[in-house]
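Visitor: I would like a close look at a single part of this model, the sheet, followed strand by strand. Could you take me through it and point out what is worth finding on the screen?

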Amino acid sequence: MFERLEGAGALVSVNFDGEEVRLAEGENLAAGLLAAGIGVFRRTPLSGAPRAPYCMMGACFECLVEVDGVSVQACMVTVRPGLVVRRAGFRAEAGHAKL
Ligand code: FES
């Protein structure tokens, strides 16, 4: 559904929920994850409904993830080598399927 524009930076390794994904250095993290086929960034606290980036400009918080242990909006982060990214709000004890 999404693909990178030509001229993107060199691909670097980023850890996303324990798995390596290759993203272009310097690109927007939310855009890079979408281009890598990742469509669920977090789950809502009450129902566990999956959420994904919406505004891509820091207003909606739908892209909330943890980067290096800190909650941030993925659309406000630039990809750099070695980032450790986790989905926010995943509740394994509630039986949510990992997407
Ligand atoms: S997509 Fe809306 S804040 Fe990131």
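**Around the sheet**

Guide: Let us begin at one pair of residues: phenylalanine 16 stands opposite valine 85 in S7. Please keep in mind that this is a predicted model. The pair belongs to the contact between S1 and S7, which run parallel and are joined by two bridges. In general, strands of a sheet pair through backbone hydrogen bonds, either parallel or antiparallel.

Now step back to take in the sheet as a whole. It is open and has five strands in the order S2-S1-S7-S5-S6, and its pairing is mixed. The edges are taken by strand S2 (19-24) and strand S6 (70-73); each has a single partner strand, so one side of each is left without a neighbour in the sheet. On average, neighbouring strands are turned by 40° against each other, direction ignored.

Let us go to the S2 edge. Strand S1, residues 11-16, is antiparallel to S2, and six bridges join the two. Phenylalanine 16 comes up again here, with glutamate 19 as its bridge partner in S2. S1 and S2 form a hairpin, with two residues between them. Aspartate 17 lies in the loop between these strands, and its phi is near 50°, a positive value in a residue other than glycine. How buried or exposed is aspartate 17? It has 16 other C-beta atoms within 10 Å; a residue needs 20 or more to be buried and 12 or fewer to be exposed, so aspartate 17 is partly exposed.

Next, cross to the other side of S7. Strand S7 covers residues 84-87 and is joined to S5 by three bridges, the two strands running antiparallel. A good residue to select is glutamate 66, whose bridge partner in S7 is arginine 86. Glutamate 66 also stands opposite serine 71 in S6. Strand S5, residues 64-67, pairs with S6 over four bridges, again in the antiparallel sense. These two strands form a hairpin as well, with two residues between them, and aspartate 68 in the turn has a positive phi of about 50°.

On the way into S5 there is another residue to look for. Methionine 56 sits in the loop between strand S4 (50-51) and S5. Its phi is near 60°, a positive value in a residue other than glycine. With 17 C-beta neighbours inside 10 Å, methionine 56 counts as partly exposed.

To finish, let us return to phenylalanine 16 and see what surrounds this residue. Which residues is phenylalanine 16 in contact with, leaving aside its neighbours within four places in sequence? They are Val21, Leu33, Ile38 and Val85. Phenylalanine 16 is also part of the largest nonpolar core, a group of 18 residues, and is listed among those with the most contacts inside it, together with Val14, Ala30, Leu33, Cys63 and Ala74. S1, S2 and helix H1 (29-35) each supply at least two residues of this core. The largest share, five residues, comes from H1. So that you can find it again: phenylalanine 16 has glutamate 19 as its bridge partner in S2, stands opposite valine 85 in S7, and is in contact with Leu33.

Key: Residues are numbered from 1 along each chain as its sequence is written. This is a predicted model: local features need pLDDT of at least 70, side-chain atom pairs count only at pLDDT 80 or more; totals for chains, interfaces and linings use all residues. Two strands pair if DSSP finds at least two bridges between them. Axes are lines fitted to C-alpha atoms, for helices over the stretch in contact, and angles run from 0 to 180 degrees between N-to-C directions. A nonpolar core is a set of buried Ala, Val, Leu, Ile, Met, Phe, Trp, Tyr and Cys residues joined through C-beta atoms within 7 Å. Two residues are in contact if their C-beta atoms, placed from the backbone, lie within 7 Å.
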